[in-house]
Amino acid sequence: MFVEPQRSDPEVLAKKRAVNPNVRTPGLMEWITDDDGRIVNFRIAGETTWSRFVDLYSAWFFNNFVTYIPLHFVRQAYLRAFGASIGKDTAINRGTNVWSIRLIVIGDRVSIGFRCLLDARAGIAIGDDVIIASDTHMIAGGHDINHPDFPPAPNPPDPIVIDHHVWIASRAMILPCLIGSGAVVAAHAVVVNDIPPLGIAGGVPAKVIGKRNPDALRYSGKFKVPLF
Ligand SMILES: CC(C)(COP(=O)(O)OP(=O)(O)OC[C@H]1O[C@@H](n2cnc3c(N)ncnc32)[C@H](O)[C@@H]1OP(=O)(O)O)[C@@H](O)C(=O)NCCC(=O)NCCS
């Protein structure tokens, strides 16, 4: 018997789109079932076998080779060529891994550290002057853990949206959420809920532990050392 997988809340997506109208998300998943109604696979509306192949192997090649090339402009040109939107004066350092390159949207003067993970299979949108410290993982996708067939969930997928002047400290883990402008995520936090603008959040799961001075948001997030 077919069991409908978890649906996403349209209001959650609308709230994220209001903060960053450029956010890109995949289409609705259509389930492929066997004779008993069990989910054996899925199709994403608007995608073809070729586009899924390109999506998967462009990221695979980046993660295994391109991300280790010590030339910043080569790495960025590759990501842009496969559809990522990356603003001016933005840096993505070596060893950072990606999935679904075309669903990555990054603003101007953003610094992304070494060995981060941008798993954009449900979409990742980052505003301007955001600093993301090394070893941070951003995972915008998941599974319906209460469904007998463990399908991807929710449907349609729920992206990560990070507004401008956010600082994410080392080794944080960001799951689908909205991080408000000027917020800070403390080192090693696991963010499972939205963080309000100027909120300082830390811990597992991350909770608001302080508030940032709104006058502190005049800096540029541009990476300060020569780019390799
Ligand atoms: C978030 C951060 C900036 C806060 O620094 P701070 O303002 O000096 O905060 P304090 O050390 O005074 O701590 C304030 C409170 O937050 C708590 N706290 C601090 N860091 C925390 C963390 N990573 N996780 C959970 N709680 C944290 C403290 O325990 C303290 O709680 P208390 O008031 O109940 O005692 C800092 O802890 C941090 O995570 N720095 C990241 C460094 C880093 O990753 N650098 C990368 C370079 S880009």
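Which residue in β21 stands opposite Gly202?

1. **The pair.** Lys207 in β21 is the residue opposite Gly202. Keep in mind that the model is predicted. Start your look at the structure with these two residues.

2. **The strands around the pair.** Strand β20 covers residues 199-202, and strand β21 covers residues 207-211. The two run antiparallel. Four bridges join them.

3. **The turn.** β20 and β21 form a hairpin. Four residues lie between the strands. Gly203 has a positive phi, near 100°.

4. **The ligand.** Gly202 turns up again here, as one of the residues that come nearest the ligand. The others are Ala169, Ser170, Ala186 and Ala187. In total, 13 residues surround the ligand. Which kinds of residue make up this shell? Nine are nonpolar and four are polar. No charged residue belongs to the shell.

5. **The whole chain.** Now step back. The protein chain has 21 strands and three helices. Its C-alpha atoms fill a box of roughly 60 × 40 × 30 Å along the principal axes.

6. **Size against expectation.** The radius of gyration of the protein chain is 18 Å. A compact globule with 228 residues would have a value near 17 Å, so the two agree.

7. **Burial and contacts.** How much of the protein chain counts as buried? The share is 39% of the 228 residues. Next, take the contacts with a separation of 6 or more. Residues 24 or more positions apart account for 39% of these contacts.

Terms used
Residues numbered from 1 in each chain as written. Predicted model: local features only at pLDDT ≥ 70, side-chain atom pairs only at ≥ 80, totals over all residues. Rg over C-alpha atoms; globule rule 2.2 N^0.38 Å. Buried ≥ 20, exposed ≤ 12 C-beta atoms within 10 Å, placed from the backbone. Contact = placed C-beta atoms within 7 Å. Near = placed C-beta within 6 Å. Nonpolar A, V, L, I, M, F, W, Y, C, P; charged D, E, K, R; others polar. Pairing = 2+ DSSP bridges.
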